[in-house]
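Work through these exercises with the structure open beside you. Try each task before you read its solution.

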Amino acid sequence: QEFAGPTFALMAPAKTFLEYQAEKREREWNDKVQAQKVSMGNEERVKRATDWKRIGNDKFKAGNVCEARDYYREAIIYVEDLVDARRKERNDLLVPLYCNLAQVYLKLDSPEKAEDVSSKALVIAEMPRNAVGAGMHSKAQFRRGLARICLEKLDEAREDLRAALKLQPGSEEIAKQLAAVQATLADQAKKAKEAMGGFLQREANRDEQRRQADERRSERRALAEQRQQMQTAFAKLSKGSMLYEEREKEMEPVRQKEVEKKNTLELEQSLTNILDESKGHPKTEKFDDFMEKKLARCKDQHTELDQKKKILDKKTKEEHWGEDDAWKEQRDDHRRRLAEERSQEPFAPGPRTMWEAKEVARWCEQRLRDTLVGAFVDGQDLEPRFAKSVLESQELEDIGSGDLVLKAFVTDVLKLNGDASVVRLNPHKPTLHYFDYFLKLEWEVAIAKPGEEVYRTADELITVAAKVNDGNAPQSISKHRMFAGTFKIREFCSEENSDDGGWKLEVKIKKACDRGPELSAMVEALRDQLKFKVQRLMSEWVTEYKEYWA
């Protein structure tokens, strides 16, 4: 009969009596400390941990390492779960306690425990909101690095020491330990390389040979494919129709149109030369020169059309201005009749009314335009010799003999956008006069005779174009414009009321003066005088507005 032996189960090794006794003492000590902690308030726990930390430091300095360990551990238990409201006190105690305890464990040859408590200190130190100082952070990193050196975790120890040295660059002790670890790692790497050198070198040589052979095969394959493609393409060309033949047929009508267009332009060139010769102008022989002149004429025609459109717009605007002027006269007559009636009969105040914004806005815009358009300032007299040096002969002939002056004036209101209203909330309070406009004016500086009216209406400009300029629109409001531009203010409003008349007008030049530096300086100075007058007239308009609608 075969004997079947007993089945043995895998069991953990039995603990010795000393190990059981040590675990029992640890449990009893921990229960005792926990019971004491429960009976304390937060403030008492902080005080007890502070005292125990100080005593532990004294014990460590005296050489009583085991007693120092117990004091540090007990202090940690008191504060490790303090409420978040006492986070600063908790962290200020826990990080030094963990670092000191790690140092104790290193002394007691327990690097695993030293690594553990150092990691706990780093968890706190690495959180930015805990605001742990760089010195204490570096100490925790350094202690864990020392523990890992003892555990032969050299790669991890090197990272800890590098981090500690970065936090505390001037520490010689950290630098010394880091150099020792790096030297040890370098030595280990050298030995490993020597041990594997022969094998790795042979494998590297084989890999290089295989790589070169693969490159040569790839080059031969690519050349063979290229030759095959070229042979196939030549075979198709020899058997089929000409390459791009269909595309050439499609492009034939386009080319024909280009030829016809070129013939038309050449015919136009011939006709233009005939007209130029009849007027005494030289012919244009080269086709490219003719095209450049044609382009210039097209640009001039485009400019001419724009100028004619501006004159027509000015005519429409002047018609509206006339309607506004007639409306203002009717309004003034109505106000005069009311004033006469009130002067003859006793006035009985009726219910309080408010002005209509539309009527006020129309009056404001009419008066503002009437005040500004045509406003001018006269400059200094021009000596005849100076006028001859800056004006062309035809311009001098048009002006005629006599004295000449510079004159700057406002030619148009290009933009007047906004609104105005008058509000009387209480008879005992002053009337509120509101206005807010975007205003843009056009101005010119011209040469004229003293007292000559340089402003020309749209009808006058149309007459000049029909009778004098062969249908070409005049390029300016004045006859002899030297300088031109715009004044602009984005916020001409009651909120920005300027008592001193210093309204912020932006100046833009649309046509610069090209008649020499002396005349340029004169027209710019006259432009500034016109700007000052416009600012003064704007302030006068504000005063008139408040008085009229008082």
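**Exercise 1. The sheet**

In what order do the five strands of the open sheet stand, and with what pairing?

Solution. Start with a caution: this is a predicted model. Now read across the sheet. The order is β1-β2-β3-β4-β5, and the pairing is antiparallel. Next, look at the edges. β1 (376–382) and β5 stand there, each with a single partner strand, so one side of each has no neighbour in the sheet. Last, check the twist. Neighbouring strands are turned by 15° against each other on average, direction ignored.

**Exercise 2. Strand β4 and its partners**

Find how strand β4 is joined to β3 and to β5. Then place G485 between its partners.

Solution. Step one: take the β3 side. β3 covers residues 432–448, and ten bridges pair this strand with β4 in the antiparallel sense. Step two: take the β5 side. β5 covers residues 506–511, and five bridges join this strand to β4, again antiparallel. Step three: find G485 in β4. W443 stands opposite G485. I509 in β5 also stands opposite G485. Step four: add one more pair. L441 has F487 in β4 as its bridge partner.

How many of the 13 residues of β4 are buried? Ten are, so the strand, which runs over residues 481–493, counts as mostly covered.

**Exercise 3. A residue inside β3**

Is L439 buried or exposed?

Solution. First locate the residue: L439 is in strand β3. Then compare the value with the cut-off. Buried means under 20% relative accessible area. L439 has 1%, so this residue is buried. Now look for a partner distant in sequence. L416 is 23 residues from L439 along the chain, yet their C-alpha atoms are 4.8 Å apart.

**Exercise 4. A residue inside α4**

Do the same for V95: which helix holds this residue, and is V95 buried or exposed?

Solution. V95 is in helix α4, residues 87–107. Its relative accessibility is 1%, so V95 counts as buried. A121 is 26 residues from V95 along the chain. In space, the two C-alpha atoms are separated by 4.9 Å.

**Exercise 5. Helix α7**

Test whether the length of α7 agrees with its residue count. Then find where its buried residues lie.

Solution. Count first: α7 has 14 residues, 154–167. At 1.5 Å a residue, these should span 20 Å. The end C-alpha atoms are 20 Å apart, so the two values agree. Now list the buried residues of α7: among them are L154, A157, D160, L161 and A164. These cover an arc of only 115° around the axis, which puts them on the same side of α7.

**Exercise 6. Helix pairs**

Classify three packings by angle: α2 with α3, α6 with α7, and α1 with α3.

Solution. Begin with α2 (residues 42–62) and α3 (residues 65–79). They pack at about 165°, with axes 8 Å apart. Angles over 145 degrees count as roughly antiparallel, so α2 is roughly antiparallel to α3. Their crossing is left-handed.

Go on to α6 (residues 134–150) and α7. The angle is about 160° and the axes are 8 Å apart. That makes α6 roughly antiparallel to α7. This crossing is left-handed too.

Finish with α1 (residues 17–38) and α3. Their axes come within 10 Å and cross at roughly 45°. The two helices are therefore oblique to each other. α1 passes α3 in a right-handed crossing.

**Exercise 7. Positive phi in the loops**

What is phi for A131 and for E152, and is each residue buried or exposed?

Solution. Recall the background: most residues other than glycine have a negative phi. A131 is not a glycine, but has a positive phi of about 55°. This residue is in the loop between α5 (111–125) and α6. At 64% relative accessibility, A131 counts as exposed. Turn to E152, in the loop between α6 and α7. Its phi is near 65°, also a positive value in a residue other than glycine. E152 has 68% relative accessibility, so this residue counts as exposed.

Conventions. Residues numbered from 1 in each chain as written. Predicted model: local features only at pLDDT ≥ 70, side-chain atom pairs only at ≥ 80, totals over all residues. Heavy atoms only, no water. Helix = DSSP H or I, 4+ residues; strand = E, 2+ residues; numbered from the N terminus. Expected span 1.5 Å × (residues − 1). Buried < 20%, exposed > 50% of the residue type's maximum accessible area, 1.4 Å probe, protein only. Arc of directions from axis to C-beta. Pairing = 2+ DSSP bridges. Axes fitted to C-alpha atoms, helices over the stretch in contact; angles between N-to-C directions. Parallel < 35°, antiparallel > 145°, perpendicular 65-115°, else oblique. Left-handed = near helix turned anticlockwise from the far one by under 90°.
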